[in-house]
Amino acid sequence: MNNAAVAPRPPERERDRDRDRDRDRERERSRDNAAPQRTQGGPPRSNNRPGGNNNNRRPNSGRPTAQRTQERRPPAPVKEKPTGPISLPPQIVVKDLADMLSVSPIEIIRDLINKHAIFASINQVVDYDKAALVATDLGFEPSPAAATESPAVRSERPLSANEAMMATRDDENMVTIPPVVTIMGHVDHGKTSLLDTIRKTKVAAGEAGGITQHIGAYQVEVNGKKITFLDTPGHEAFTAMRARGAQVTHIAIIVVAADDGVMPQTREAIDHARAAKVPIIIALNKIDKANANPDRVKQQLAEIGVVIEEYGGDVVCVPISARRGEGIDELLDYILLVAEVQDIKANPNRLATGVIIEARLEKNSGAIATVLVQQGTLKMGDNIVVGSISGKVRAMFNDRGKRIQKATPSTPVSILGLPEVPNAGDRLEVMPDERTAKQQAESEAEKRENEAMPLGQVSLDTLYMQMQEGTVKELNVVIKSDVQGSLEAIKGALSKLSEENLKVRLIREGIGNISETDVHLAAASGAIIIGFNVKADGAAAREAQREGVDIRYYNIIYKLIEDIQAALVGMLEPTYREVVDGHAEILQTFKAGKTLIAGCRVTDGRITRGSQVRLMRKDEKVFEGKVASLRRGKDDVREVLTGYECGILLEDFNGYEVGDIIEAFSQERVTPGA
């Protein structure tokens with residue numbers, strides 16, 4: 001065989017090999033550049049296909065992947081932030097300020113904290129000065145803008161039902177509305193029983209002691225026409241609640257028991273109805289009782305200026321028996337007749353206004369307020385202002401617990417959506433938007449802070465003034481109640497218990513169960529805690545036991561008042577008077593070492609060992625001190641009565657003379673009123 005030389009590779013094959021090598025290098029560079037451009041959140045794409053290798057892939061034709069992606073996604077245009085003049089309201093929520101300045105709320109909060117050391121949350125209201133600082137930092141030129149105010153906002157004094165009705169009498173959209181009827185009268189005269197008979201329900205069974213504790217609002221239908229009833233409590237401590245009931249009513253029914261007659265709360269209820277300028281209907285209840293005396297009641301009414309039609313007056317008097325249902329239909333007919341004469345109207349086509357009848361705090365639902373709509377129509381989603389609180393109607397329920405979408409005038413409803421429990425008697429107003437509602441609530445809060453501090457709030461300023469008043473003893477009290485109306489009644493009753501040298505100081509009040517925070521405050525202040533229809537949770541009860549805080553529970557208000565009165569009597573600075581217990585005449589003196597003993601005879605009363613005595617010599621006091629020792633013969637005795645002789649030794653005194661008189665006396669505490 002010939003050993004032939006290996007032929008060199010042709011130049012074409014070398015060029016192909018170099019081209020393939022360059023192509024592989026370019027493919028590797030393209031793959032490395034495309035790796036950071038993967039879709040966010042997706043898995044990385046594999047460069048190797050199953051069952052093959054990199055060399056088997058087809059060549060990547062065209063430009064690299066990264067360059068193609070950048071060409072497909074043109075850069076977004078940079079949005080210029082607005083600048084220039086801007087009008088800011090006196091107060092604004094941080095979130096609304098961010099929307100107005102076209103920035104995120106986080107940027108507003110960061111600017112307030114970092115540049116101005118102002119800590120604010122996204123829902124916090126800031127004033128114009130703080131908002132202007134942020135606006136200036138972002139390149140704006142802020143200027144104050146006048147706050148918009150609706151006519152309802154500018155109202156200085158809440159109108160009563162009749163005043164609100166007459167104020168809009170000329171409105172074209174006025175329609176006839178159901179009358180609002182208040183049932184008032186003395187305790188246990190049958191107010192709730194009358195309402196139960198009308199509604200065919202039993203409310204009294206659920207009331208502690210048979211006494212209505214807070215206002216209930218109910219609506220019934222009679223002969224195709226609706227009537228709204230308010231059941232105001234009859235006990236005298238609930239005067240403020242009954243007064244609120246008269247302010248929102250069109251007709252007042254005064255219930256008087258035929259067997260009991262006109263009582264103090266009956267006169268009080270009539271005075272409230274007269275002050276509200278509402279017509280009165282007398283419901284003469286319990287006529288079925290054997291000792292009923294209707295004529296005597298009518299005469300008593302005439303004596304206080306309530307002259308019924310039978311006696312030539314203009315007041316309707318209807319004899320009824322709430323228990324048997326007698327006279328109820330006649331009473332309802334008279335209510336509709338009086339309402340027709342009054343021509344009760346309201347405008348349902350305007351922003352709603354109303355009055356908070358009752359408010360309470362539920363564990364699961366939060367703040368629940370009972371509202372009586374007076375003008376307009378209250379709808380779901382309305383922005384509302386109640387005193388210094390703003391919110392939105394999230395849910396509405398009628399008096400039977402049924403969810404409804406709107407409430408027309410004279411309709412009582414329970415609403416959800418307020419961030420906290422409002423005060424009973426506060427006025428509810430619907431605002432055109434959320435911003436206006438928050439501004440109005442903030443304005444009302446500032447106005448209330450500037451006014452005189454009400455009962456239940458104590459500051460260092462008022463505490464100093466109390467110290468300057470002189471020797472004032474205080475009973476510190478923390479009150480927790482189930483509803484706002486009962487809380488107001490207790491506050492009013494306690495304020496009347498204060499005397500010349502004693503004051504009741506309510507250091508905290510609230511709605512809901514007694515919490516651990518309440519116990520800590522009471523322990524630090526030396527206060528007692530009163531729970532009215534509420535209880536203390538487990539942690540609070542244990543803390544109260546550990547701190548020695550006295551917690552009292554009540555469900556009847558007059559029992560609470562009686563206990564507080566007893567506590568006040570115990571705290572009064574005691575007044576004493578001197579009482580002479582007896583006299584003893586010194587007949588002879590004896591020496592026992594260095595000690596001189598007085599031999600005496602008790603002429604009247606008694607002399608007791610340890611009693612206070614004074615030594616009188618010719619009607620002048622020579623010594624005053626205590627009896628150190630009292631003896632009969634050789635025996636120590638506790639006391640010596642009239643006619644007996646004894647030996648007396650006085651503390652730190654030896655200057656006895658025959659004929660001196662030893663007068664024993666004591667200090668007796670004077671009972672208030674004695």
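**Entry 1: Glu 444**

Does Glu 444 count as buried or exposed, and at what relative accessibility? Before answering I noted that this is a predicted model, in which local features need pLDDT of at least 70 and side-chain atom pairs count only at pLDDT 80 or more, while totals for chains, interfaces and linings use all residues. I also noted that residues are numbered from 1 along each chain as its sequence is written, and that side-chain values use heavy atoms, with hydrogens and water left out. Glu 444 comes out at 15% relative accessibility and therefore counts as buried, where buried means under 20% relative accessible area, exposed over 50% and partly exposed in between, with a 1.4 Å probe and protein chains only. I found Glu 444 in helix 12, residues 434-450; helices (H or I, at least four residues) and strands (E, at least two) are DSSP runs numbered from the N terminus. Leaving aside neighbours within four places in sequence, I saw Glu 444 in contact with Gly 387 and Ser 388, contact being heavy atoms within 4.5 Å.

**Entry 2: the chain as a whole**

I looked up the overall counts next, and the protein chain has 17 helices and 34 strands. Buried residues make up 43% of its 674 residues. Of the contacts with a separation of 6 or more, 69% are between residues 24 or more positions apart.

**Entry 3: nonpolar cores**

I then asked which residues have the most contacts inside the largest nonpolar core. They are Leu 378, Ile 415, Leu 428 and Val 477, in a core of 41 residues; such a core is a set of buried Ala, Val, Leu, Ile, Met, Phe, Trp, Tyr and Cys residues joined through side-chain atoms within 4.5 Å. Helix 14 (residues 484-495) gives the largest share of this core, 5 residues. The core draws at least three residues from each of domain 3 (353-448) and domain 4 (471-571), with bounds that come from an automatic or database domain assignment. Following Leu 378 further, and not counting residues up to four places away in sequence, I listed its contacts, among them Ala 352, Val 373, Ile 384, Met 396, Ile 415 and Leu 428, and also including Gln 405 and Lys 406. Apart from this core I noted another, of 29 residues, which includes Ile 253, Ala 283, Ile 335 and Ile 344.

**Entry 4: aromatic rings**

How many aromatic pairs does the rule give? The count comes to 2, where rings of Phe, Tyr and Trp (its six-membered ring) pair if their centres lie within 6.5 Å, and planes under 30 degrees apart count as stacked, over 60 as edge-to-face and the rest as tilted. The ring centres of Phe 623 and Phe 653 are 4.8 Å apart with the planes at 20 degrees, so I entered this pair as stacked. The pair links distant parts of the chain, 30 residues apart, with Phe 623 in strand 30 (residues 620-632) and Phe 653 in the loop between strand 33 (645-650) and strand 34 (661-670). Phe 653 and Tyr 656 have ring centres 5.3 Å apart and planes at 85 degrees, so that pair is edge-to-face. Phe 623, at 15% relative accessibility, counts as buried, and both Phe 653 and Tyr 656 are buried. I recorded Phe 623, Phe 653 and Tyr 656 as one aromatic cluster.

**Entry 5: charges over rings**

I found the charged end of Lys 535 over the ring of Tyr 553, 4.5 Å from its centre, and Arg 614 over the face of Phe 665, at 4.0 Å from the ring centre. The rule asks for NZ of Lys or CZ of Arg within 6 Å of the ring centre and within 35 degrees of the ring normal.

**Entry 6: Thr 249**

I located Thr 249 in the loop between helix 8 (239-247) and strand 9 (251-257), where Thr 249 is buried, with a relative accessible area of 2%. A polar atom of the Thr 249 side chain lies 2.6 Å from the backbone oxygen of Val 180. The same side chain makes a polar contact with the side chain of Thr 182, at 3.0 Å; a polar contact is a pair of N or O atoms within 3.5 Å, of which, within protein, one must be able to donate a hydrogen and the other to accept it, and residues adjacent in sequence count only if both atoms are side-chain atoms.

**Entry 7: positive phi**

Ser 102 has a positive phi of about 60 degrees although it is not a glycine, and I placed Ser 102 in the loop between helix 3 (94-101) and helix 4 (105-116). Lys 618, likewise not a glycine, has a positive phi of about 50 degrees, and at 79% relative accessibility Lys 618 counts as exposed.
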